[in-house]
Structure formats: C-alpha cells, structure tokens
Amino acid sequence: RPPGIAAWTARLERDAKGAWRLVARSDRSNAAPDLADANLVNHFLEVIGTFATEAPSGNGNDAGFGLNPYRMEIRAFDSTTSKILRLGDPVGLTGIYVRVGDHGEKTWIGRSALIAFLPTIETPDAFLNKLPYSVPFDEVRGLRLEKLREPGAGIWEFARSDAHWLLGKIPLTDEKSAILERIVRQRIETDFVRAGDCAGARGRD
C-alpha cells in the first residue's frame, strides 16, 4: 500500500477450470468469491518472475527502507514452490527495497517492471474482471435457462442468430430479447467455452 492508502490483503486462486478468482479480501470480509481479470493476474505473475535482487541496500533501517510496515507483501505459490517478496520504498526510477522469503532480514535493492506495475493495484478491486460476463458477448450463440423452483419451474433453450434471439425457430419479441440480453450480460460463467457453445444458468427463485 502506498502511503495514505488503507492496508488490505487479498487472496487469488485458480479454480479447477483455470479461471482466476478473488476468493478473500480484508476490505469486504463477507464478499463471495468473484471472477478476477485473468490477463492482469497472469501479467502480474510474469512480472514477479522477472524480479531480481541487484545489490545490498547499504546502511539504513526499516523506517528508511519503507519496510515498517512493508508497502506490499506478495506470496505466489503452487503445490511445490513459493516466492515471497516484501517490498518497501522505491529507490530511484527502477528499484525498490525488498526482502526475500518468509523470515528474510537482509535488505536488497530489487529491480524489474514490478515497480511500474504496483501503482495500478491500490485496492483488491483492481484484480476483478471488469466485464459483467466472462467471454465477449458476440461469442455467445446460445443460452440455456433452468428455473429450479415453482411456480413456473422449467427449462428454456435459446439460440442467437445475428442480433436476434430464437426460442426454437420462433423469434422473440424485442422486449423479450432485451430481457434475455440483460441476463446474458450479467456475470454468467457456467459452461462458457468458446463460440458455438451455449451458456448455462440456473435460477433458484
């Protein structure tokens, strides 16, 4: 966190389908897991992978290095390896004070594109997928809706032809098409794969 920004923590995980999700955040303790911006997360990990310690910090103390508290702690890990960086204040244009590992006490000057990247992450919201759906709308060719509870429980399957929605071979009215499009543009993710596939949604009410 830069000076003046409230401290926060966030945890991102990749699910079984390979999608990144923001699964925990200290600023909203009861928030449900939400879809993260996969491009941003993957770029973030690539940038972390380029991080290198260049030289010892020289004389100084935690306050002078911006390590009391840390400006940011990054923990990237999988089933076999982990990388932990604790970042302090910037040094010049391309460096930053850093400690490596869980209990590292030696302070280094580290360099990489990470320094320029950090200002884009001020809150956990920075990691969220900004789109209300998980694939480009034009790739959605079909939609299957299932209502689980009465009254009106049932299953409906719609197909999209150009700008029109069809129920079977019957075109929907403009009003019903607009309702269906609003549903599609919500964060519907289940079973989205690629153009030609259908999106599935399940309603509980």
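A salt bridge is a side-chain nitrogen of Lys or Arg within 4 Å of a carboxyl oxygen of Asp or Glu. Keep that in mind for the exercises below.

This is a predicted model, where local features need pLDDT of at least 70 and side-chain atom pairs count only at pLDDT 80 or more, while totals for chains, interfaces and linings use all residues. Residues are numbered from 1 along each chain as its sequence is written, and side-chain values use heavy atoms, with hydrogens and water left out.

**Exercise 1. Get an overview**

Task: Find how many helices and strands the protein has, and what percentage of its residues count as buried.

Solution:
- Step 1. Go through the secondary structure: there are four helices and 13 strands. Helices (H or I, at least four residues) and strands (E, at least two) are DSSP runs, numbered from the N terminus.
- Step 2. Turn to burial. Buried means under 20% relative accessible area, exposed means over 50%, and partly exposed lies in between (1.4 Å probe, protein chains only). Of the 205 residues, 31% count as buried.
- Step 3. Look at the outside. The accessible surface comes to about 12,900 Å², and 53% of that belongs to carbon and sulfur atoms. Such areas come from the Shrake-Rupley method with a 1.4 Å probe, and for residues only the protein chains shown count as cover.

**Exercise 2. Hunt for salt bridges**

Task: Work out how many salt bridges the whole structure has, and describe the one between Asp 125 and Arg 25.

Solution:
- Step 1. Recall the idea: side chains of opposite charge can pair when their charged atoms come close.
- Step 2. Search the whole structure, and you get 14 salt bridges.
- Step 3. Zoom in on Asp 125 and Arg 25, whose closest N and O atoms are 2.9 Å apart. This pair links distant parts of the chain: Asp 125 sits in the loop between α3 (114-117) and β9 (142-147), Arg 25 in strand β2 (residues 20-25), and they are 100 residues apart.
- Step 4. Check burial for each partner. Asp 125 has a relative accessible area of 28%, so it is partly exposed. Arg 25 comes in at 9%, so it counts as buried.

**Exercise 3. Two more pairs**

Task: Describe the salt bridges of Arg 71 with Asp 89 and of Arg 75 with Glu 73.

Solution:
- Step 1. Arg 71 and Asp 89 meet at 3.1 Å, N to O. Here too, distant parts of the chain are linked: Arg 71 is in the loop between α2 (62-65) and β5 (72-77), Asp 89 is in strand β6 (residues 82-91), and 18 residues separate them.
- Step 2. With a relative accessible area of 22%, Arg 71 is partly exposed.
- Step 3. For Arg 75 and Glu 73, the closest N and O atoms are 3.1 Å apart. Arg 75 is partly exposed at 40%, and Glu 73 is partly exposed at 38%.
- Step 4. Now for shared partners: Arg 25, Asp 27, Arg 28 and Asp 125 are joined into one network by salt bridges.

**Exercise 4. Explore the largest pocket**

Task: Give the volume of the largest pocket and say what lines it.

Solution:
- Step 1. Set up the search. On a 1 Å grid over the protein atoms alone, a pocket is an open set of points where a 1.4 Å probe fits, with protein on both sides within 12 Å along at least five of seven lines; lining residues have an atom within 4 Å of a point.
- Step 2. Read off the volume, the space filled by probe spheres set on the points, with grid points joined across faces, edges and corners. The largest pocket holds about 850 Å³.
- Step 3. Of its 25 lining residues, Ala 10, Arg 11, Glu 73, Ile 74 and Arg 75 are the closest to the centre.
- Step 4. Trace the lining back to its elements: β1 (10-14), α1 (38-49) and β5 each supply at least two residues. The largest share, six residues, comes from β5.
- Step 5. Sort the lining by type: 17 nonpolar, one polar and seven charged. Here Ala, Val, Leu, Ile, Met, Phe, Trp, Tyr, Cys and Pro count as nonpolar, Asp, Glu, Lys and Arg as charged, and the others, Gly among them, as polar.

**Exercise 5. Spot the cis peptide bonds**

Task: Give omega for the cis peptide bond that joins Asn 68 and Pro 69, and for the one from Glu 150 to Pro 151.

Solution:
- Step 1. Between Asn 68 and Pro 69, omega is about 5°. Pro 69 lies in the loop between α2 and β5.
- Step 2. From Glu 150 to Pro 151, omega is near 0°. Pro 151 is in the loop between β9 and β10 (154-161).
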